Amino acid sequence: MEMHTWQKLLIVAVLSTIIVVSSTIVYFNHFAKRRLIISTTTSLYDTGLLDLLEENYEASHNVDINVVAAGTGIALQQAQNGDVDVVLVHSPSMERTFLERGYGENRKIIAYNFFTIVGPTVDPASIAGKTVQEALRCVVNYGRNLTDQSGRTKIWVSRGDNSGTHSKERSLWEIAGYNYTLISSEPWYASVGSGMADTLNVADQKSAYTLSDVGTYLKFHKDGVISLSALITEEQALLNVYSVMAVKSSIPANQSIHEQINYNDAMDFIKYLVSPVAQQLITDYGKEVYGQSLFFGAVQPLTTNMPLPLVDWIKSYAFFNGSECPPQYRNGFPELYP
Amino acid sequence: MVDVLGGIMQALQLIFTGDATLYGIVCRTLLFSGVAVVLATLWGTPVAMVLAFKNFRGKTIVKTFFNSLIGIPTVVLGLFLYLIFSKGGPLGFLGLLYTPAAIILGEALLVTPILISITTNAIEAVDPDVMNLAKTLGASESQASLAVLKEALNGFLLSNIASFNRAIAELGVALLVGGNIVGLTDVLTTAISRYTQRGELDFAIALGLLLMLIVFAINILIIAARRIKLLFEVWRSPQ
């Protein structure tokens, strides 16, 4: 029987699809450099720190680092699906769950800085100079006494995206004695459900307060994108700790998903991040442009136990059972845990 | 406040100095969208031909199905494809997530309904006598359908241009299955989103201007295609 035109076209279509798919598979498996896919929290990416580390690492390694930027919650979810090899995150409580459920291992704390509560320079709720708890109470009182309770006037803007910053914000409300679910449904509270940049922009436009990582805030403030002021900084409750974890390459329940994980390069990159070279890059990043460090390397303070109050803060906030990675979540690499 | 004018000036500087990162993104975008449209044309045209030429039960339902899929939110398709291409998903073993192929396949799927709908309409609009005449003159089934396709050429081109337009301007699919990886899977829309997030507004504005330029050029092409068709008919009518 003679073949119809549409049948011929369909055969060509199927063949072309197969060519596109198979050439991609062949390219990435045989010709491209080895891929190391990193899922990172937005603050490390949006400030440009990770670009610098990537460049420095790729200069001496035959690996192509692919960075996927997402909030901590999404980053851990991608790791759980086996779609990334390394996660860079900043939410100790979520990291703990991640390790306990057996999705990651060999956690190392790599950097710290402080969250900051930013708001309009006129500071209508007068929170400047107060402790975080007092400040949040001032914000709530101010919000509840607004004349406009229709929900159009917002005085607090939240990430609302299950990121590390969002999880910190939730814990701060709880510490200040509020139920987060109730507080977040009050009319003056806005949830953006987006990255730090969007959240800062919304807070700026609405003249509202928000919790921000100091890196993204400084960058946007310096560039003149926002005019918010940092009203509360460098307090123990505002400590922000960044960690790296390798995604487990063998999970008994899900072996097939994870066997494609690039575990060797992941571990090599983790060793690089805690090396003196990378730690120095982290601490020096942005000093010239912003007049202060955006991040501080955490390895040296933790090994030398100096400076003291800070090391204790990190330990009480981001250590699990007195260790940055309890032995049951380690897999070899004793040099990482002296 | 944002310095809009300064941003635009810097953006223009980037465009005219031929910044490599900028034009890398443009080339990738054109390549991905282009291949996606070719794929969609290859598998969409046969479906359109069957829909236009053959009569079968439920034909209206199939046509309505494709028509309503035209408006599918890109982010929904992106999520759906992420779940399929993720290592835990049914096609995870192919390792396509966060590769250009994932974006190309995703965008091809995204534009298939537009392509099928416009092409079907174009073929149906061709006078049925063309088919009959060709057959009377001794053309085979295949040759006769080709004759009809030639008559529907303008509609066919329109469907391609509209598909390209949709592919190049979409964000959800490229972001979710491509991962917006610098130098590998970032396209105009996702890169605009990234540079805005990072406060590098000059880059975002430059990319935005180029994207608009491309979209305008495409729409001028559509108008030109219609003009040509008009001229063609004027030229043919005295015969």
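**Helices, domains and contacts in a predicted two-chain model**

From the N terminus on, the elements of chain B run α-α-α-α-α-α-α-α-α-α-α. The model is a predicted one, and the questions below begin with chain B.

Reader: How many helices and strands does the secondary structure of chain B come to?

Author: Read from the N terminus, the elements of chain B are written as a run of α symbols, and the C-alpha atoms of this chain fill a box of roughly 70 × 50 × 25 Å along the principal axes. The secondary structure of chain B comes to 11 helices and zero strands.

Reader: Among contacts in chain B between residues at least 6 apart in sequence, what percentage join residues at least 24 apart?

Author: Chain B has 239 residues, of which 46% count as buried. Among the contacts in this chain that link residues at least 6 apart in sequence, the part that joins residues at least 24 apart is 76%.

Reader: Where the axes of helix 2 and helix 5 of chain B come within 6 Å, at what angle do they cross?

Author: Helix 2 of chain B covers residues 20–53 and helix 5 of chain B covers residues 100–125. By class, their contact has 20 nonpolar, seven polar and two charged residues. Helix 2 of chain B passes helix 5 of chain B in a right-handed crossing, and the angle between their axes is roughly 40°.

Reader: Is helix 9 of chain A roughly parallel or oblique to helix 10 of chain A?

Author: Helix 9 (residues 196–206) and helix 10 (residues 214–222) of chain A have axes 10 Å apart and pack at an angle of about 55°, in a crossing that is right-handed. Angles under 35 degrees count as roughly parallel and those from 65 to 115 as roughly perpendicular, so an angle of about 55° falls in neither range. Helix 9 of chain A is therefore, with respect to helix 10 of chain A, oblique.

Reader: Which residues in helix 10 of chain A are met by A:M196, A:A197 and A:L200 in helix 9 of chain A?

Author: The residues of the contact between these two helices of chain A divide into five nonpolar, one polar and no charged. The partners in helix 10 of chain A that A:M196, A:A197 and A:L200 meet are A:T216, A:Y217 and A:F220.

Reader: Which helix of chain B is included in what covers the buried residues of helix 9 of chain A?

Author: The buried residues of helix 9 of chain A are A:M196, A:A197, A:T199, A:L200, A:N201, A:A203 and A:D204. Their cover includes, from chain A, helix 2, strand 5 (156–158), helix 7 (164–175), strand 7 (209–213) and helix 10. From chain B, the cover includes helix 10 (188–197).

Reader: Which helix gives the most to the side of domain 1 of chain A that touches domain 2 of chain A?

Author: Chain A is divided into domain 1 (12–113 + 240–336) and domain 2 (115–238), whose C-alpha centres lie 28 Å apart. In their contact, 20 residues of domain 1 of chain A meet 18 residues of domain 2 of chain A, and helix 2 (42–46), helix 4 (72–80), helix 5 (92–100) and helix 14 (287–290) of chain A each supply at least two residues of the domain 1 side. By class, that side has seven nonpolar, 12 polar and one charged residues. With three residues, the element that gives the most to it is helix 2 of chain A.

Reader: Which element supplies the largest share of the side of chain A that touches chain B?

Author: The contact between the chains takes 32 residues from chain A and 35 residues from chain B, and the residues on the chain A side divide into 16 nonpolar, 11 polar and five charged. Helix 1 (5–31), strand 2 (63–69) and helix 10 of chain A each supply at least two residues of that side. The largest share, 13 residues, comes from helix 1 of chain A.

Reader: Is A:S126 buried or partly exposed?

Author: A:S126 lies in the loop between strand 4 (104–119) and helix 6 (132–144) of chain A, and has a positive phi of about 40° although it is not a glycine. A residue is buried if 20 or more other C-beta atoms lie within 10 Å of its own, and exposed if 12 or fewer do. Because A:S126 has 13 C-beta neighbours inside 10 Å, it counts as partly exposed.

Reader: Near what value is omega for the cis peptide bond from A:M306 to A:P307?

Author: A:P307 lies in the loop between helix 15 (299–304) and helix 16 (308–318) of chain A. The peptide bond that leads to A:P307 from A:M306 is cis, and its omega is near -15°.

Terms used
Residues numbered from 1 in each chain as written. Chains lettered and ligands numbered in written order. Predicted model: local features only at pLDDT ≥ 70, side-chain atom pairs only at ≥ 80, totals over all residues. Axes fitted to C-alpha atoms, helices over the stretch in contact; angles between N-to-C directions. Helix = DSSP H or I, 4+ residues; strand = E, 2+ residues; numbered from the N terminus. Left-handed = near helix turned anticlockwise from the far one by under 90°. Nonpolar A, V, L, I, M, F, W, Y, C, P; charged D, E, K, R; others polar. Parallel < 35°, antiparallel > 145°, perpendicular 65-115°, else oblique. Contact = placed C-beta atoms within 7 Å. Domains from an automatic or database assignment.
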